[in-house]
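Hi everyone, thanks for coming. Let me put the structure up, and then we can walk through it together.

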Amino acid sequence: MYVGAIDQGTTSTRFMIFDRSGAEIARHQLEHRQIFPAAGWVEHDATEIWENTLKTIDVALGGAGLGPSDLAAIGITNQRETVVLWDKDSGRPVAPAIVWQDTRTEHLVRDLDAALIRSRTGLTPATYFSATKVRWLLDNVDGLRARAERGEIRFGTVDSWLIWNLTGGRHLTDVTNASRTMLMNLETLDWDDELLRHFVIPRVMLPEIRSSGEIYGEAFPGVPIAAAIGDQQAALFGQTCFAPGDAKCTYGTGGFLLMNTGTEPVRSNHGLITTVAYRFGEQKPVYALEGSIAAAGAAVQWLRDQLGVLDSASDSETLAGQVEDTAGVSFVPAFSGLFAPYWRPDARGAIVGLSRFHTAAHITRAALEAICYQTRDVVEAMAQDSGTTLESLRVDGGVTANALCMQLQADILGVPVSRPAVAETTALGAAYAAGLAVGFWTSLDDLRANWHQDRRWQPGWTAERRADGVTRWRAAIDRTLDWIS
């Protein structure tokens, strides 16, 4: 028997199959369209995502010579905060899905009661989260608010959309995804009536909140969906960060650093968000501090796609390795503002410190350093909030294939950086959660035994070089602010 995982991400959907040791047996992946109807708007076609999900399951199983009956369970992990609204009778979306990156609701965010939202949800008001996207759709799609108030419309993050379709109409979500909506009370783990009034969102639209690991229904006869968990929490779980102080960073388009803080939420005073890491059954929830970085791999993609400096993202390591340092150049990739710990939507990207001496190699190296300095900013905020000093960092995501970038990360943090043997920790985390729920694995110790290190980078910079780099980075950050009024 095996465990399957649906990994529904921002740019693609894949289905992966794992054995009891956590080794990958099979996968299939399909990209979906990125729709940009206006500046700052990012949309997906939820129907396309659902159809791709079915295709990936079918092809992955077939390629491995397996059928659904070979699966003990399926777990779901998903891009968080993205909003899908659909008709409860037809099951069809009533508008495009608004993606977490979308910034069209900035005007709504400015009017929010920040103190109320922070105290109830642990989040900082931002376009990033779901609630203002739901509000925007209800206010701007003709007749939608009236239909929602009549109970005809369902809202969900992508996990709910997939569960609805896989189970024939069960309207459920898990506590990790609910904690990203700006609508869930972090203490009660239920929808907050005052927040619903604040956002003018009818409660009848919302799914029932469940734990991260339990049976949600059957995807196939005898094959339960036994987990739903947001992608970054899934990566934390897949990295077996089960003890307070354990931390991981996932580097994809953005960067997401989470630290396990135990069974009591730690409120942030330094620009981070407090979120639910996971919950199993009726056990106490485990919480995390999170710092979300808007542009990590996106900085390298910009050099490739917009400037044409690189033929492929992997070329960044070779080009940046041609120089020993950036020769004073800093690159802040604040293309859509700065997320944690700054939360400055008015910021925009900047490359500073340029002279005629500088080349594409210096700028590319500065882009890699930017990924690492943004991570350091979050790590420092976590230490201030939690009182816990990071001893090492577990890393995953596409950027970790760049060995130079990971060495720079160790240098800039001043702590070792470890990459696991199984790189797909997001899908693995969903599989682990589902497998635990059905007894495929019996304990967290089983999962810890599966974790193996692929490579470890030790810091090499002196404390003086590290301090000089941070000073220059902070000066560059200052120069990106107040560009958007």
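Let's begin with a pair of strands. Strand β11, residues 213-220, and strand β12, residues 223-230, run antiparallel to each other and are joined over four bridges. One thing to keep in mind as you look is that this is a predicted model. If you want a spot to find on screen, take Gly217, whose bridge partner in β12 is Ile225. The hairpin of β11 and β12 has two residues between the strands, and there Gly222 takes a positive phi near 80°.

Now to the annotations. In an unreviewed entry, UniProt lists Thr10, Arg14, Thr253, Gly297, Gly398 and Asn402 under "binding site". Do they all gather at one spot? Let me put that better: how far apart are the farthest two C-alpha atoms? They are 22.6 Å apart, and the residues span 393 positions in sequence, so they do not all gather at one spot.

Let's visit a couple of them. Arg14 sits in strand β2, which covers residues 12-18. Is Arg14 buried or exposed? The relative accessible area is 16%, and because buried means under 20%, Arg14 counts as buried. Looking past its neighbours within four places in sequence, Arg14 is in contact with several residues, including Asp7, Arg27, His28 and Glu424.

Gly297 is next, and you will find Gly297 in helix α10, residues 297-305. Gly297 is buried too, at 8% relative accessibility. Setting aside residues up to four places away in sequence, Gly297 touches Gly252, Thr253, Ile371 and Val399. Notice Thr253 there, which is also on the UniProt "binding site" list.

Let's step back for a moment. The same kind of record, an unreviewed UniProt entry, marks residues 247-437 as "domain: Carbohydrate kinase FGGY C-terminal". That span is 35% helix and 21% strand, and its end C-alpha atoms lie 24 Å apart.

My last stop is helix α13, residues 403-413. How many of its 11 residues are buried? The count is 10, so to speak a mostly covered helix. Among the buried ones are Ala403, Leu404, Cys405 and Met406. At the start of α13 we meet Asn402, another residue from the "binding site" list. A side-chain oxygen of Asn402 comes to within 3.2 Å of the backbone nitrogen of Leu404. Just after the helix, Gly414 takes a positive phi of about 80°.

That's the tour, and I'm happy to go back to any part of it.

Definitions and conventions: Residues numbered from 1 in each chain as written. Predicted model: local features only at pLDDT ≥ 70, side-chain atom pairs only at ≥ 80, totals over all residues. Heavy atoms only, no water. UniProt positions renumbered as here; feature names shortened; annotations may be inferred. Buried < 20%, exposed > 50% of the residue type's maximum accessible area, 1.4 Å probe, protein only. Contact = heavy atoms within 4.5 Å. Pairing = 2+ DSSP bridges. Polar contact = N/O pair within 3.5 Å; in protein donor to acceptor, adjacent residues only side chain to side chain.
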